[in-house]
Amino acid sequence: MNAQKVISDLKRRFPNEPEYHQAVAEVLSTIEEAYNEHPEFDRYNLIERLCIPDRIFSFRVTWVDDKGQVQTNMGYRIQHNNAIGPYKGGIRFHSSVNLSILKFLAFEQTFKNSLTTLPMGGGKGGSDFSPRGKSDGEIMRFCQAFVAELWRHIGPQTDVPAGDIGVGGREVGYMYGMYKKMARENTGTFTGKGLEFGGSLIRPEATGYGNVYFLLEMLKTRNIDIKGKVVAVSGAGNVAQYTVEKLISLGAKVITMSDSDGYIYDPDGIDAEKLAYIFELKNIYRGRIREYAEKYGCKYVAGARPWNEKCDIAMPSATQNEIDGDDARALLANGCFAVSEGANMPSTPEAIEEFLKAKILYAPGKAANAGGVSVSGLEMTQNSIKLSWTKEEVDARLKQIMFDIHTQCVKYGKQPDGYVNYVKGANVAGFMKVAKAMMAQGIL
Ligand code: NDP
């Protein structure tokens with residue numbers, strides 16, 4: 001494989017998809033060596049078959065708002081690769097959603113799911129519908145209209161969606177309800193469901209907790225204790241909330257959180273009581289993070305990201321490309337020694353280069369945030385056997401999975417000088433399993 005040539009071909013064939021090109025380039029640059037050790041991969045043109053999704057569905061979603069106006073949005077589902085199991089990946093509702101973003105997410109998801117050790121292929125879906133400012137009735141009608149189109153393409157053995165940005169328990173509930181009505185089956189073809197109808201304990205917590213478990217494994221390699229460490233977190237949604245919850249319980253000091261309007265800086269640290277306010281603010285009143293600063297009298301910076309604040313550890317948990325080269329240099333200049341990604345592809349290629357050059361502990365999202373899809377996989381298992389595991393049991397499995405992912409990253413990413421390149425480790429480990437499964441199944 002000539003990675004540069006593959007990427008320029010993809011750019012020519014699929015122009016105007018910068019996030020997709022970025023994700024592919026990041027993976028190919030790190031797996032090229034491992035790939036070229038297997039000449040049979042090239043004979044089967046494995047790389048193009050792995051980069052180009054199996055199929056893409058796109059459809060119009062029509063719904064009626066509270067004023068009686070008829071609205072249209074676009075809906076998509078990318079079924080990227082099912083070599084190791086049914087397509088699996090979240091649904092994103094955000095005004096920025098387009099094919100490039102969903103293709104990058106589905107591509108990343110394929111490697112992430114491979115790393116989890118569970119039998120799941122990669123997929124992703126979503127809509128340019130923005131839930132912000134919408135009433136509960138509007139959200140429900142939109143979810144129903146979205147699934148009225150999507151349902152025929154998914155199923156417990158084919159494709160199992162979950163949540164992502166803008167899609168939490170409420171939206172999954174509405175989508176699953178509609179799916180059940182259309183498909184006339186009740187086998188759990190969504191994960192992140194409510195506990196009363198097949199959801200798993202620890203699923204809401206899983207991505208955030210899992211990221212902290214991964215961070216702990218990285219810190220262990222350098223004998224660093226999390227206690228008392230200052231952590232900058234971005235986002236204030238599902239992933240950020242449970243990241244902060246776990247960090248507080250371990251004695252770390254979280255000084256920032258953010259939303260798409262700006263960030264708060266609390267020098268005293270966000271404690272359990274303040275975090276309870278954020279849960280209420282974001283999950284019930286659906287307010288803005290600025291209100292935290294007003295309530296607790298701390299700094300709020302509008303239109304900015306928190307990476308200029310001094311911290312030991314950064315845990316980006318909002319969205320893609322939220323740490324650029326300048327942010328990375330600011331973090332490093334302030335002494336940050338670990339970055340563990342809750343969001344998908346939050347660091348730009350330039351930022352990643354800075355982290356690797358500085359040899360800090362840097363965990364890419366496809367490894368560090370794999371806890372969410374892992375517990376989704378455990379939810380599928382519980383649905384299949386029609387049993388519910390305890391909180392302790394699911395949490396123990398999550399910890400074990402994050403430990404195993406870390407071990408794989410070290411195995412494939414350790415450099416001769418001892419530095420662990422987690423980007424390379426995660427990409428090579430994720431890739432090899434999918435590649436072997438594809439080879440064994442013939443040219444499809
Ligand atoms: P939520 O919708 O619950 O929260 C997203 C948070 O990020 C909100 O605070 C939101 O602010 C902020 N945000 C969204 N878009 C932007 C933007 N363009 N600029 C700045 N801030 C933004 O989503 P999740 O917490 O579920 O997802 C966060 C990240 O984690 C995403 O990258 C997602 O792909 C990834 N992830 C999620 C998993 C899960 O299980 N949920 C699993 C693995 C990865 P606002 O409210 O103002 O929009």
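**Exposed turns, nonpolar cores and enclosed spaces in a predicted model**

Asparagine 223 counts as exposed, because its relative accessibility is 76% and the cut-off for that class is over 50%. The model in which this residue is described is a predicted one. Asparagine 223 is found in the loop that runs between helix H8 (203-220) and strand S6 (230-233), and its backbone has a positive phi of about 55° although the residue is not a glycine. Most residues other than glycine have a negative phi. A second residue of this kind is lysine 386, whose phi is near 55°, again a positive value in a residue other than glycine. Lysine 386 belongs to the loop between helix H15 (371-385) and helix H16 (391-413), and with a relative accessibility of 62% it counts as exposed, because the cut-off is over 50%.

The domain assignment of the protein gives domain 1 (3-185) and domain 2 (206-365). The centres of domain 1 and domain 2, taken over C-alpha atoms, are separated by 26 Å, and the contact takes 14 residues from domain 1 and 15 residues from domain 2.

Attention may next be given to the buried nonpolar residues. The largest nonpolar core holds 56 residues, of which Phe214, Leu215, Leu247, Met257 and Ile405 touch the most other members. Helix H8 gives the most to this core, with eight residues. Because domain 1 (3-185) and domain 2 (206-365) both give residues to this core, it lies between them. Apart from it lies another core, of 39 residues, and among its members are Leu10, Ile31, Phe41 and Ile101. In soluble globular proteins, nonpolar side chains tend to be buried together. The surroundings of phenylalanine 214 can also be listed: leaving aside its neighbours within four places in sequence, phenylalanine 214 is in contact with Ser340, Ala363, Ala367, Ala368, Met402, Ile405, His406, Cys409 and Tyr422.

The open and enclosed spaces of the model were examined as well. The second largest pocket contains about 280 Å³ of space and is lined by 16 residues, of which Glu26, Ser29, Thr30, Ile352 and Leu356 lie nearest its centre. Sorted by class, the lining of this second largest pocket comprises six nonpolar, seven polar and three charged residues. At least two residues of that lining are supplied by each of helix H2 (18-36), helix H13 (349-358) and helix H17 (422-440), and the largest share, five residues, comes from H2. In terms of domains, the lining of the second largest pocket draws at least three residues from each of domain 1 (3-185) and domain 2 (206-365).

The structure also holds one cavity of 30 Å³ or more, and about 50 Å³ of space lies in the largest cavity. The residues that line the largest cavity are Glu26, Glu108, Glu341, Met345, Pro346, Ser347, Ile352, Tyr362, Pro364, Gly365 and Lys366; by class, this lining has five nonpolar, two polar and four charged residues. Glu26 and Ile352 are named in the lining of the largest cavity, and Glu26 and Ile352 are also among the residues that lie nearest the centre of the second largest pocket.

How values were computed: Residues numbered from 1 in each chain as written. Predicted model: local features only at pLDDT ≥ 70, side-chain atom pairs only at ≥ 80, totals over all residues. Heavy atoms only, no water. 1 Å grid on protein atoms, 1.4 Å probe; cavity = no way out; pocket = protein on both sides within 12 Å on 5 of 7 lines; lining within 4 Å. Points joined across faces, edges and corners; volume = space filled by probe spheres on them. Helix = DSSP H or I, 4+ residues; strand = E, 2+ residues; numbered from the N terminus. Nonpolar A, V, L, I, M, F, W, Y, C, P; charged D, E, K, R; others polar. Domains from an automatic or database assignment. Buried < 20%, exposed > 50% of the residue type's maximum accessible area, 1.4 Å probe, protein only. Core = buried A, V, L, I, M, F, W, Y, C linked by side-chain atoms within 4.5 Å. Contact = heavy atoms within 4.5 Å.
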